[in-house]
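Here is a quick tour for anyone meeting this structure for the first time. Have a look at it below, then read on for the pockets, strands and charged pairs.

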Amino acid sequence: MSETTGLNAPMPIEADVEVDVLVIGAGGCGLAAAIAAHEAGAEVAVVEKGNAIAGNTSRSSGSIPGAGTRFQAEKGIVDDAERFAADLLRVSGEHDAPHLTRRLAEVSAELVEWLADTARVELELIDTYRHVGHSVHRLHAPPDKRGVTLMDGLLREAERRDIPVAFGNPATSLIVADGAVLGAETENNQGERVRIAGKATILAVNGFGSDRELVRRYCPAAGEAEYAGAPTSEGEALRWGLPLGAATGNLGAYQGHASLADPHGVLVTWTLVEKGGIIVDSAGARFADESIGYSAFAEKEFLRSGPFYVIYDAAICEAVAANQEEFGKLVEMGGALAAEDAATLAARLGLDAAALEATLLAARQAAEGTAADRFGRTAWGNGALGGELRATRIVPALFHTQGGLAVDADARVLNTQGRPIPGLFAGGGAAAGISGREGSTGYVSGNGLLAALGLGLIAGRAAAAAAAETRREAC
């Protein structure tokens with residue numbers, strides 16, 4: 001077998017449809033891969049088990065990190081892949097896929113500009129706040145900060161290119177012959193079996209967050225956590241890849257989020273904290289440094305009993321609601337409880353007034369620099385909170401897993417001997433991520449979309465090249 005392409009000319013198989021590149025999954029990774037493969041000249045088809053766009057990308061804020069983009073240059077921000085990779089590794093620590101950290105950092109600027117120019121997604125640099133883990137402003141997102149807007153743009157571009165995207169058509173198994181993946185068996189909307197042959201197959205099926213058994217096995221700290229990710233993240237990559245001898249990486253890592261509105265069920269942006277907000281427990285006390293980020297802080301909450309509350313002030317509430325549509329809607333639904341002072345807020349939340357007042361006083365002193373924070377927090381955004389307060393009741397949740405099948409720098413799935421499995425590529429949650437080996441503390445804002453869209457771009461191009469090589473070998 002050719003180690004360069006990972007493929008020989010495919011063995012003849014019985015198939016109902018034949019394409020160059022078959023993409024399994026129509027989330028951010030899958031659509032990016034499909035567009036990239038089509039751009040490279042491949043005939044592409046996408047199958048998706050869900051009946052509509054509903055993956056983890058659509059549930060995100062649509063924020064994609066890019067180091068050295070023209071958007072940064074326009075704002076006078078100096079950044080590069082080396083600095084980005086150093087930021088990522090500083091947070092993640094050592095893990096099983098450092099080559100992906102470097103590769104994704106290197107492709108990040110190209111990815112953002114490719115999304116804007118080729119995939120025609122409207123993006124802008126977020127420079128009003130800087131998420132934890134990034135040493136400069138490098139997150140790019142749609143103006144409304146909604147992942148569904150990003151996904152709508154990708155789907156429009158796929159449709160413009162006449163790439164078939166079959167919703168409600170789950171892949172049920174891979175077609176394998178002589179150790180090579182030659183496509184997949186699927187089930188159409190009528191329940192009929194359809195065999196699709198592909199010279200290259202890309203797994204863009206996300207991770208295993210909605211499979212409670214797999215989460216308990218690989219991510220035990222989040223084993224009983226509320227799950228707020230896509231219900232279609234059921235672990236197919238592991239179920240299909242492991243029997244083929246695929247290696248895995250970073251299976252214990254996941255992205256948590258410390259602030260899911262309770263009972264509204266919508267994501268409460270961490271911008272509230274980054275601008276100076278705090279998190280308290282049912283005793284009205286802080287219990288950790290909130291500036292470690294929403295994913296790392298979620299693990300702190302998993303270890304305690306709720307409820308929890310994010311407390312911020314009226315100025316923060318107004319500014320964030322004006323710039324982030326989803327939070328604005330939460331405020332309209334009554335999700336930001338208002339009070340003119342700490343005692344009133346405590347009464348409205350059912351907390352001990354003296355305890356909450358002491359907590360807020362200590363936070364004020366730390367933000368003003370008159371006393372050290374007992375938890376070590378030094379980043380206080382806008383400074384000390386104002387007198388008119390707001391609070392939102394929150395619960396922590398698991399959003400998506402960050403480990404999966406081992407892949408090389410071209411997104412080819414590797415076996416346990418480190419060699420490519422012919423015909424098989426993976427990206428996003430199906431592949432080993434870059435957020436450390438275990439837990440939620442290694443996650444940097446945007447890691448999920450960087451792995452999804454970045455590996456989608458890489459996999460699409462590499463799969464198209466592999467398919468072209470197969471055609472040449474067959475001649």
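A pocket here is an open set of grid points with protein on both sides within 12 Å along at least five of seven lines, and its lining residues have an atom within 4 Å of a point. Keep in mind that this is a predicted model.

## An open pocket

Let's start with the second largest pocket, which has a volume of about 250 Å³. Its lining is made up of 16 residues, and the ones nearest the centre are Arg130, Val132, Glu274, Ala379 and Gly381.

What sort of residues are they? The lining of this second largest pocket splits into five nonpolar, six polar and five charged residues.

## Closed cavities

There are also three cavities of 30 Å³ or more. The largest cavity holds about 50 Å³ of space. Around the largest cavity sit Val132, Ile292, Gly293, Tyr294, Ser295, Ala296, Tyr443 and Ser445. You'll find no charged residues in that lining, just five nonpolar and three polar ones. Val132 turns up here and is also among the residues nearest the centre of the second largest pocket.

Next comes the second largest cavity, with about 40 Å³ of space. Its lining consists of Ile126, Tyr129, Arg130, His131, His134, Val136, His137, Arg138 and Leu139. By class, that gives four nonpolar, three polar and two charged residues. Arg130 is another name to remember: it helps line this second largest cavity, and it lies among the residues nearest the centre of the second largest pocket.

## A covered strand and its partners

Strand E12 covers residues 252-261, and 10 of its 10 residues are buried. It pairs with strand E16 (residues 389-401) in the antiparallel sense, over six bridges. One of the contacts to look for is His257, whose bridge partner in E16 is Ala397. E12 is also joined by two bridges to strand E20 (residues 438-439), and these two run parallel. Here Ala253 has Gly439 of E20 as its bridge partner.

While you're looking at E16, find His400, which lies in that strand. His400 has a relative accessible area of 11%, so it counts as buried. Its C-alpha atom is 13 Å from that of Ile434, and the two residues are 34 apart along the chain.

## A little open sheet

Elsewhere, three strands make an open sheet in the order E3-E5-E4, with antiparallel pairing. Strand E3 (64-65) and E4 are the edge strands, each pairing on one side only. E3 and E5 are joined by two antiparallel bridges. Pro65 takes part, with Leu139 as its bridge partner in E5. Leu139 also appears in the lining of the second largest cavity.

## Charged pairs

Side chains of opposite charge can pair when their charged atoms come close. How many salt bridges are there? The count comes to 30. One of them joins Asp127 and Lys75, at 3.4 Å from N to O. This pair links distant parts of the chain, 52 residues apart: Asp127 is in the loop between strand E4 (124-125) and strand E5 (139-141), while Lys75 is in the loop between helix H2 (70-74) and helix H3 (81-92). Asp127 is partly exposed, at 33% relative accessible area.

Glu213 and Arg217 make another salt bridge, with their closest N and O atoms 3.3 Å apart. These two are four residues apart in helix H6 (residues 212-218), so about one helical turn separates them. Glu213 is exposed at 54%, whereas Arg217 is partly exposed at 49%. For a contrast, try Arg286 and Asp373, which meet at 2.7 Å from N to O. Arg286 is in the loop between strand E13 (278-280) and helix H9 (294-302), and Asp373 is in the loop between helix H13 (353-368) and E16, so the pair ties together parts that are 87 residues apart in sequence. Both Arg286 and Asp373 are buried. Finally, Asp79, Asp87, Arg90 and Arg138 are linked in a network of salt bridges.

## Cysteines on their own

Why are there zero disulfides around Cys29? The closest cysteine sulfur to that of Cys29 is in Cys219, 19 Å away, which is too far for a bond. The structure as a whole holds zero disulfides. Cys29 is buried, at 5% relative accessibility, and Cys317 is buried too, at 7%.

Note on methods:
Residues numbered from 1 in each chain as written. Predicted model: local features only at pLDDT ≥ 70, side-chain atom pairs only at ≥ 80, totals over all residues. Heavy atoms only, no water. 1 Å grid on protein atoms, 1.4 Å probe; cavity = no way out; pocket = protein on both sides within 12 Å on 5 of 7 lines; lining within 4 Å. Points joined across faces, edges and corners; volume = space filled by probe spheres on them. Nonpolar A, V, L, I, M, F, W, Y, C, P; charged D, E, K, R; others polar. Disulfide = S-S within 2.5 Å. Buried < 20%, exposed > 50% of the residue type's maximum accessible area, 1.4 Å probe, protein only. Pairing = 2+ DSSP bridges. Salt bridge = Lys/Arg side-chain N within 4 Å of Asp/Glu carboxyl O.
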